[in-house]
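Trainee: Please take a close look at one part of this model, and then place that part in the rest of the assembly. State the cut-offs as you go.

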Amino acid sequence: MKNWLKDLRYWLQENLFFSYKNSILSVVAGLFLFWLAYQLVNWFFLQAVWVGTIEDCRIHQEGACWPFVQVRISQFLYGFYPSEERWRVNIILFIFFAGIGLLVYERTPYRGKIVFFMLCVFPLLSWLVLRGGILWLTDVPTGRWGGFMLTLVLASVSIVSSLPLGILLALGRRANSLPFVKAFCVVFIEFWRGVPVITVLFATAFMLPLFLPASVNFDQLLRAMVGFILFSSAYMAEIVRGGLEGLQRGQYEASDALGMSYWQSRTRVILPQALKLMIPGILLTIIGLFKDTTLVLIIGLLDFLGMIQAGIADPRWGSPNVPFTGYAFAAIVYFCFCYSMSIYARYIEHKFSEGRERR
Amino acid sequence: MTFKSIGRGLIAFSLPIVFALGTLSFTLNPASALGGFGGGGGGGGYGKTLEEVKDKGYIQCGVSQGLPGFSNPDDAGNWSGIDVEFCNAVAAAVFGDPTKVQFSPLSAKVRFESLRSGEVDLLARNTTWTFDRDVALGLEFVGVNYYDGQGFMVRRNLGVNSAFELNNVSVCTNTGTTTELNAADFFRANKLKYKIVAFEKADEVVAAYDAERCDVYTTDRSGLAAQRTKLANPREHKVLPEIISKEPLGPVVRQGDEQWADVVRWTLNALINAEEMGLTSANISSQKNSDNPKVRRFVGTEGEFGTALGLDDNAWAYNIVEKVGNYGEIYERTVGPKTPLGLSRGANALWTNGGILYAPPLR
């Protein structure tokens, strides 16, 4: 016990109070943090309205208005997906999270098969189940998709497709012996990287139909996805290229000397090493992409944030704390998702760097 | 994970591309067996909107992404508001079923693009009818479903009773809207000193005004009424009597499709005429066999008005009123005095009641 106290005192002296200036800064920063934490806890919990109606929220304006979220939580999650069909979304979400859970846990048997299922079978399955229109499933047009489900669909599809596309583009950009492939990749990457994501969405949403014959019904959601995939694969390509550049020439030469073919050397020697170097960059793009999906609001799809904003506009829920509650809820959910992705990526990074000296 | 498994993973990764391309070609194929893949309308299609709408079985209606009283999702997840109900009325006229509408929540930036590219069939998105939009943008305004105008809200303790007394004030408003320009024009024309404090989103403007970062809040009067409910103490604020701009908000269709424009225009006229004739959703079924020729024409027992519009049912106006209501009923449900917005009819009353709402006769 005493030892523990001694340690604490030592740590405090060493880190917070080792000089006058430092002590003052520590005290000021500590007080500020305490004040901030108190305000947040006060607003989120102590003064908040937990159950009740809008009238209760109007009376207690100094805290969050959680009934607003409670009443609309299913709207935030499913958008305008018909309520009697929401079990379909629930099944898909369950498989999605169960699959991710199984893949994250390392001792799961048949991981390779699960990867195959999640990447190849699951997207098709979820599209058919969510969209319906086959067998006995009723048709739910994508215009009725919304809320967090739409965010997940957009983010996961663009993340999963942009990585392989990005790798191909990066390899193409470095293929000096294939000038046309190289030129195409360079132009593709530089074009999509040079254009703001909103422009890309705008172009795919409103220009694509003009190029296609009038009889073609090209889904709005698919168009947004195409935009995100094009945009993010260009970013991914540059990150992958960074990883490839980071490898020493010796690795390329050694694999060539062993008589490996181009694809053998890339898939067995180069990319496995390069991918490790790229993890922080890939994660950065993935998290950015996850949050960028909120931009579909501009082309008329109501994602998670869009549903919350639309809910705030309800005049029956007019109270000063309602908008703040809505945005706070969005912030909490986005933070949870992004932070857990970041934790997992840090774990992977740490795992891969084991047995290698850190540079 | 070994190198080998990463390699295998890479191959697995590239398969979704094949899948994506497959889905694309699948979707692009109009004869796709799964049918109905598309949510939005295809391209162009000028001159045959009504036909297309009948084929697909619903109207794609562009509404705002959340404007209180005009279009916003309610607790139950249904769209509600005066613009939304107008879309329902058009669906009732075309299909006899007000629920055959799909709503596209559109931002102000993309609304006209959406309409022109055929993404939506009809735009009922609190859009002001101006010369420029009507003439230069290839749009057709079919009428006015709400007469709005820009106004000012101030705190009562500012002691101001008229907008002309607003000197040396800071004004909160949205960036890049005509609201900002109108306010600037007003203050300059009246030689009043002012400072604009502009924000991107309406929520930010309200929060800033409520936190006393500015003295005046200006936007359309319907907006003032809606945002007032979000203030900490609505009773401490008042809306000044002056209206500094005309904002006739109306439904819009693509230019060049007169048939569809007529359907939408006469839906609006039918809503207004019904109120004038005293036909409501409650009493219209008892008027079906009325002797009054005006009513007989309206409910479709006399004349071929539906056929003339290209509609299947001569009782199209009857369907509108029976299933949605007349203009007055819609107004009372969405923005009227009994709703949180609490807007009195004002200019939106019938011409017979001191307003300016006037529709050509159905004959």
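Mentor: A residue is called buried if 20 or more other C-beta atoms lie within 10 Å of its own, exposed if 12 or fewer do, and partly exposed in between, with C-beta atoms placed from the backbone. Strands are DSSP runs of E with at least two residues, helices are runs of H or I with at least four, and both are numbered from the N terminus. The model is predicted: local features need pLDDT of at least 70, side-chain atom pairs count only at pLDDT 80 or more, and totals for chains, interfaces and linings use all residues. Residues are numbered from 1 along each chain as its sequence is written, while chains are lettered from A and ligands numbered from 1 in the order in which they are written.

The part to look at is strand β1 of chain B, residues 59–64. The strand is mostly covered, with six of its six residues buried. Two strands pair if DSSP finds at least two bridges between them. On that count β1(B) has a parallel partner in strand β4 of chain B, residues 101–106, with six bridges joining the two. Within this pairing, B:C61 stands opposite B:F103. Strand β5 of chain B, residues 122–123, also pairs with β1(B) in the parallel sense, over two bridges. Here B:G62 of β1(B) faces B:L123.

Next, the domains of chain B. Their bounds come from an automatic or database domain assignment. Domain 1 of chain B takes in 49–147 + 249–353, and domain 2 is 150–245. The centres of these two domains, taken over C-alpha atoms, are 31 Å apart. Two residues are in contact if their C-beta atoms, placed from the backbone, lie within 7 Å. By that rule seven residues of domain 1 of chain B touch four residues of domain 2 of chain B.

Chain B also has an open sheet of five strands, in the order β10-β9-β11-β8-β12 and with mixed pairing. Its edges are β10 (194–199) and β12 (237–239), each of which pairs on one side only. From one strand to the next the twist averages 30°. Axes here are lines fitted to C-alpha atoms, for helices over the stretch in contact, and angles run from 0 to 180 degrees between N-to-C directions. Inside the sheet, β9 (residues 169–174) and β11 (residues 216–220) of chain B run parallel and are joined by two bridges. B:V171 is opposite B:V216 of β11(B). Two helices lie across these strands. Helix α6 of chain B, residues 178–189, crosses β8 (150–155), β9, β10 and β11 at about 155° to β9(B). Helix α7 of chain B, residues 202–210, lies across β9, β10 and β11, at about 160° to β9(B).

Chain A has another make-up: 14 helices and zero strands. Its C-alpha trace spans about 75 × 70 × 45 Å along the principal axes, and 37% of its 359 residues count as buried. Among contacts in chain A with a separation of 6 or more, 66% join residues 24 or more positions apart. Chain A is assigned domain 1 (67–82 + 140–353) and domain 2 (83–139), with centres 19 Å apart over C-alpha atoms. Across that boundary, 10 residues of domain 1 of chain A are in contact with 13 residues of domain 2 of chain A. On the domain 1 side, the largest share, three residues, comes from α7(A).

The two chains come together in the cover of helix α4 of chain A, residues 66–78. Buried residues of α4(A) include A:W66, A:F68, A:R72 and A:Y78. Their cover includes α3, α5, α7, α13 and α14 of chain A together with β2 (72–73) of chain B. The expected span of a helix is 1.5 Å times one less than its number of residues. For the 13 residues of α4(A) that gives 18 Å, which agrees with the 19 Å between its end C-alpha atoms. A bend is the angle between axes fitted to the seven residues ending at a residue and the seven starting there; α4(A) bends by about 60° at A:R72. Just after α4(A), A:G79 has a positive phi of about 65°.
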